[in-house]
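Me: Could you walk me through a few local features of this model?

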Amino acid sequence: MNETIKILIEIAYMVSAVTFIYGLKMLSKPTTAIKGNIISGFGMALAIAVTLFNPVIKSYEWIIIGGLIGTVIGSIAAIRVPMTSMPGFVAFFNGTGGLASMLVGWSDFHVNYTGAGYGAYTLENIVLILATFLAMLIGGVTFSGSMIAFAKLEEKMRGKPILFKGQQIVNAIVLGLSILIGILFFVSPNGSLMYPAVILLIILAYILGVLVTIPIGGADMPVVICLLNSYSGMAGCASGFVLNNTVLIVAGSLVGASGIILTAIMCKAMNRSLTNVLFSGFGSSEGAISSAVKGEVKSLTPEDAYYVLEAARSVVFVPGYGMAVAQAQHVVKELADLLEKNGTEVKFAIHPVAGRMPGHMNVLLAEANVPYDKLLEMDDINPIIDTVDVCIVVGANDVVNPAAREDPNSAIYGMPIINSDYAKTCFVLKRSLASGFSGVENPLFFKENTRMIFGDAKQTLTAIINQFKEAQE
């Protein structure tokens, strides 16, 4: 009877794996993303349900308690966390996934070490020992690294890179010690020194996660989130081998692989290597208005901006992190609707690394019910942007900085940008002339066709909307 149940469980796991793959494919398109999420969720629910019928489970008390606690925390978070805090939320969840994998590795080691031991070097035991080590190491790095990323994204700590002398040497020493413990674990998993060594491994993993994350600045957070997401997947895959759980291996592999692919896409979008992102300390210098930036800033009031927009035949919005901070996505949508009602063609240009996580701007605009077909990628908008009457930059900075295109000495030179300055007129909604997270000054502010509209983006857009409404009365 037990063998029959095990076979049925494995079949259910394969069905779940298929739903994960199919759901992941559907997530690649906005029109099918919701269905893909539901299908994948169904697959996970099926996997959890059939796991509870596993004959090895003798007691359900802790499973029920853990499930209830997780359900309460997840439900509250899903309801209360605003879309603007989604990057930090994702980073936090990456960390909890890493912590879970680390605890699985630690639990398995504890059970084996204090019990009968790991036994002979069979292929099964070799895989188990290696997977246990990787689950603890990668899981620990993911947890502490994600907590640092969460703190930076939520501004609990400074977003600038934190660097110190000999940092790479310290990182190498910590990683080297971790690998040394892994070798010791593989050679003598039942040795008398192994228990304190594994405790040291977990501590080193936490330290390594902090050390590899603090040198990364706020501008590189989209890459970091992708990478940590990949780490959590790899740790989950390792814990799947520890538990001999097929669906966990498949799910972890999918997350790990997709995270790496997305990391590569983000790096390509910034024209930088992953090594440069992780170790350059990009944006560590404090920016001020550079003497190399020449020109006169021309400002505009919301009332004057209304007259330009009222006559415009085409308008493109370029959102950035400032839109998230101002929570201006709904007024952006309202202004877009008024412009379209006035006969203006409206589009939204989305840079791949705008915001603090991949798809951050897409998520915010989706929350405001902006149609997907109005969102254009950078490669689609740039060829036609010189025909646009008005380009409205809402809180974006580095992703529209012409220095990336014009100044070979700039730190962001070569990074693909949205060519907002090519539009006939460019409105920049910003609180000040301060540089972005990269610390690089923006010559866009001084371009002949640029008009700065200083102040809170939400208040500025609301003032323009009021002008439209008054004119229609």
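Here are some questions and answers on helix packing and burial.

This is a predicted model, where local features need pLDDT of at least 70, side-chain atom pairs count only at pLDDT 80 or more, and totals for chains, interfaces and linings use all residues. Residues are numbered from 1 along each chain as its sequence is written, and side-chain values use heavy atoms, with hydrogens and water left out.

Me: How are helix H5 and helix H8 oriented where their axes come within 8 Å?
Reply: Happy to help! The axes of H5 (residues 123–153) and H8 (residues 221–243) cross at roughly 150°. Angles over 145 degrees count as roughly antiparallel, so H5 is, relative to H8, roughly antiparallel.

Me: What residues make up the contact of H5 with H8?
Reply: The contact includes 7 polar residues and 1 charged residue. The remaining group is nonpolar (Ala, Val, Leu, Ile, Met, Phe, Trp, Tyr, Cys and Pro), and its count is 19.

Me: Where do the buried residues of helix H14 sit around its axis?
Reply: In H14 (residues 360–367), His360, Met361, Leu364 and Leu365 are buried, meaning under 20% relative accessible area. Because they cover an arc of only 125° (taken from the directions from the helix axis to the C-beta atoms), they lie on the same side of H14.

Me: Is Ala404 buried or exposed?
Reply: Good one to check! Ala404 lies in helix H16 (residues 403–406) and touches Ile412, Tyr413, Gly414, Met415 and Ile417, not counting residues up to four places away in sequence; contact means heavy atoms within 4.5 Å. Its relative accessibility is 4%, so Ala404 counts as buried.

How values were computed:
Axes fitted to C-alpha atoms, helices over the stretch in contact; angles between N-to-C directions. Helix = DSSP H or I, 4+ residues; strand = E, 2+ residues; numbered from the N terminus. Parallel < 35°, antiparallel > 145°, perpendicular 65-115°, else oblique. Buried < 20%, exposed > 50% of the residue type's maximum accessible area, 1.4 Å probe, protein only.
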